[in-house]
Amino acid sequence: MLELKNVSAGYGTFQALFDVSLEVRAGEAVAVIGPNGAGKTSLLRVISKVIDLNGGEIAMEGVSLNDVPAHKIIEMGIAHVPEHRRLFPRLTVEENLKMGGFIASARSHFDERLAYVYELFPRMKERRHQLAGTMSGGEQQMCAIGRGLMSGPKLLLLDEPSAGLAPVIVQQVFDLVRRIREEGYTVLIVEQNIQQVLKVVDRAYLLEVGQIKMSGSSRELLENDDVRRAYIGL
Amino acid sequence: MNIPMIIKAVGFLAVLSIPALGFSDYVLHIAISALLWGFIYTGWSVMGRFGLVSLGHGAFMGIGAYMVTMLWNHAGITPWIGIPVAVVVSMAVGFMIGFPCFRFRITGHYFALVTLALSEVVRLLIVALRDYTGGSLGVTPDSVISADTPNSFIAMQFSDKVTWFYIVVAVWVVGLLVWRAVDRSMIRYAMEAVSQEEDAAASLGVHVTRTKLIVTMISAGMTAVGGAIYGQYQLYINPETTSGIAISLQIVFAAIAGGMFVQLGPTVGAVITLLLTEGLRQTVGHDVHGLDVMIYGAMLVLFIIYMPRGVLGRVIEVFENRTGGTSGPTTQPRPQPGE
Ligand SMILES: Nc1ncnc2c1ncn2[C@@H]1O[C@H](COP(=O)(O)OP(=O)(O)OP(=O)(O)O)[C@@H](O)[C@H]1O
Ligand SMILES: [Mg+2]
């Protein structure tokens with residue numbers, strides 16, 4: 001579904017990604033793991049074209065994204081749930097969700113998708129008139145994911161959905177990711193909570209200093225000695 | 001009908017009946033000025049409310065006033081054509097200044113500075129082109145009205161204040177309708193999203209540059225109309241009163257002081273500034289040059305710190321808290337002074 005070939009990207013003269021190649025097949029859940037500053041966020045940002053692509057190729061369902069601007073990415077079926085959630089803090093929950101279905105093709109499905117998101121997250125329905133910025137971290141994460149679903153995407157990019165949340169809530173977030181998978185979405189997820197994320201995805205890539213160092217099935221990575229030593233602390 | 005609508009309806013009827021109440025020309029003049037400036041400030045707030053703080057709206061006002069007068073004086077083109085031309089030119093200038101700013105993400109203070117420069121450029125241009133514009137002495141639209149023919153529709157010159165009053169009321173109402181149309185459109189959500197989280201908005205499909213340009217051009221066009229009507233009404237314009245820093249600051253101050261997040265806020269701002277200038281004029285006269293600008297500046301700072309939603313915004317807020325009404329999904333965003 002999504003294919004990256006030798007992608008490089010950065011910020012001004014600083015290069016954050018070097019020759020990254022990866023693939024996400026339809027129906028899969030794939031994780032990108034790696035230490036702080038590895039370039040995981042940059043990877044998702046270049047896929048959604050929030051930062052410029054400096055080299056290589058990105059394609060969604062065979063269509064090149066190289067010349068697609070940021071605001072058209074969502075029309076290709078890619079929804080980005082960004083790091084730190086990036087809700088619109090002074091809009092209500094429902095207005096945030098409304099923005100999730102901003103594109104023309106999503107507007108006619110607004111009511112049905114809103115009902116779907118509320119069914120998935122009854123908490124959001126209770127809170128629908130609350131300003132998004134005043135909700136708890138876990139609630140904000142639900143809202144951010146809900147917002148991502150409002151456009152009816154095929155592929156969901158999740159950037160550290162568990163970051164900054166209490167252990168109980170982290171568990172809930174991973175349960176949520178599992179549910180989203182079951183709903184049939186294809187997921188590309190970035191996480192630092194490696195042990196947890198490897199339990200919900202099929203495959204993973206290990207990213208270090210902007211380069212893919214390893215890839216394989218979740219089990220392979222979980223059983224790899226280097227990964228265990230460096231990231232799981234065993 | 002709810003209470004705010006009844007208040008609005010009664011208020012509107014009261015405004016309409018002002019000429020019938022037999023006030024002096026002076027009172028009528030103040031009322032016309034309040035509505036005309038209210039219209040201009042409303043135009044500013046169409047973009048200002050989304051964090052696109054322009055310190056350069058004097059430029060658009062100057063373009064409106066001078067384009068129309070120049071076309072009339074030098075080419076005999078009626079303001080009825082001159083105004084649309086001025087609106088188009090003003091929108092084009094808004095585009096030319098906005099496009100590079102938005103494309104290269106010049107926002108907040110830097111955007112304000114760029115626009116500040118724009119308003120001075122327009123003022124200096126008017127002065128420099130003195131052979132055509134009359135320079136800093138100002139210019140009068142060539143008059144076709146006299147005691148025998150007090151009104152000329154073609155020249156858009158009317159000696160009768162009541163006529164002007166109704167013209168300005170119409171313009172003002174159109175301004176409020178434009179404000180409301182923007183308020184109820186997806187553009188409003190898009191702009192609020194952009195002003196709160198620009199990248200996230202882009203990822204949701206908002207064409208950030210284009211959306212900002214749309215509101216900028218609407219705002220620029222409205223302000224040009226305001227400038228043009230101002231010139232026709234006063235039958236005298238000069239660079240200081242239609243463009244430049246002083247007038248730009250006044251626009252910003254009034255819109256913020258009145259409350260840029262509510263439909264009638266900028267109009268309230270117009271009333272406040274008028275009372276302020278008239279008060280100053282009658283107490284200290286014209287002796288201290290630039291005193292009003294200094295006071296605007298100081299008050300602007302105070303308002304941004306203590307009453308960022310403006311007078312009307314604050315009143316509505318207090319009223320809603322009192323009645324326990326949750327403002328629900330229509331809650332206006334809190335302005336962020338730092339944005
Ligand atoms: N806006 C920016 N300007 C300049 N450099 C940046 C910018 N954003 C990120 N970087 C740099 O790019 C590199 C990769 O950052 P990125 O945010 O992609 O890492 P990450 O893997 O997501 O880290 P974390 O796990 O801490 O979120 C880092 O060295 C970072 O300092
Ligand atoms: Mg990151």
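Let's start with strand β3 of chain A, which pairs with strand β9 (residues 203-208) of chain A in the parallel sense, over 4 bridges. If you want to spot this pairing on screen, look for V32(A), whose bridge partner in β9(A) is Y205(A). Keep in mind as you look around that this is a predicted model.

β3(A) also has strand β8 (residues 186-191) of chain A as a partner: 5 bridges join the two, and they run parallel. Here A31(A) is a handy landmark, since it stands opposite I189(A) in β8(A).

Now, is β3(A) mostly covered or mostly open? This strand, residues 29-33, is mostly covered, with 5 of its 5 residues buried. In a regular strand, side chains alternate between the two faces of the sheet. You can follow that here: A29(A), A31(A) and I33(A) point one way from β3(A), while V30(A) and V32(A) point the other way. Whichever way they point, these residues are all buried.

Next, move to another sheet in chain A. Four strands form an open sheet in the order β2-β1-β4-β5, with antiparallel pairing. β2 and β5 (63-64) of chain A stand at the edges with a single partner strand each, so one side of each has no neighbour in the sheet. Further in, strand β1 (residues 2-11) of chain A and strand β4 (residues 53-60) of chain A pair in the antiparallel sense over 6 bridges. To find your place, look for E3(A), which stands opposite A59(A) in β4(A).

On to ligand 1. Which residues are closest to it? It is surrounded by 14 residues, and the closest are N36(A), K40(A), T41(A), S42(A) and E83(A). By class, this shell has 5 nonpolar, 6 polar and 3 charged residues.

Some contacts with ligand 1 come from the protein backbone. A polar backbone atom of G37(A) is 2.8 Å from an oxygen atom of the ligand, and a backbone N or O atom of A38(A) lies 3.2 Å from an oxygen atom of ligand 1. A side chain joins in too: an N or O atom in the side chain of Q192(A) is 2.8 Å from a ligand oxygen atom. How much of the ligand does the protein bury? Taken alone, ligand 1 exposes 630 Å², and the protein buries 62% of that. The elements that give two or more residues to the shell are β2 (14-24) and α1 (40-47) of chain A. Of these, α1(A) gives the most, with 3 residues.

Let's hop over to chain B and its helix α10, residues 208-234. This helix has 27 residues and reaches 39 Å from its first C-alpha to its last, close to the 39 Å expected at 1.5 Å a residue. With 22 of its 27 residues buried, α10(B) is largely enclosed by the rest of the structure. Right after the helix comes L235(B), and its phi is positive, near 55°.

Finally, go back to chain A and look for R229(A), found in helix α11 (residues 225-232). Why does R229(A) count as exposed? The cut-off for exposed is over 50% relative accessible area, and R229(A) counts as exposed because its relative accessibility is 55%. For a sense of scale, try L87(A): it is 142 residues from R229(A) along the chain, and the C-alpha atoms of the two are separated by 36 Å.

Notes: Residues are numbered from 1 along each chain as its sequence is written. Chains are lettered from A and ligands numbered from 1 in the order in which they are written. This is a predicted model: local features need pLDDT of at least 70, side-chain atom pairs count only at pLDDT 80 or more; totals for chains, interfaces and linings use all residues. Side-chain values use heavy atoms; hydrogens and water are left out. Buried means under 20% relative accessible area, exposed over 50%, partly exposed in between (1.4 Å probe, protein chains only). Two strands pair if DSSP finds at least two bridges between them. The expected span of a helix is 1.5 Å times one less than its number of residues. A residue is near a molecule or strand if one of its heavy atoms lies within 4 Å of it. A polar contact is a pair of N or O atoms within 3.5 Å; within protein, one must be able to donate a hydrogen and the other to accept it, and residues adjacent in sequence count only if both atoms are side-chain atoms. Accessible areas come from the Shrake-Rupley method with a 1.4 Å probe; for residues, only the protein chains shown count as cover. Ala, Val, Leu, Ile, Met, Phe, Trp, Tyr, Cys and Pro count as nonpolar, Asp, Glu, Lys and Arg as charged, and the others, Gly among them, as polar.
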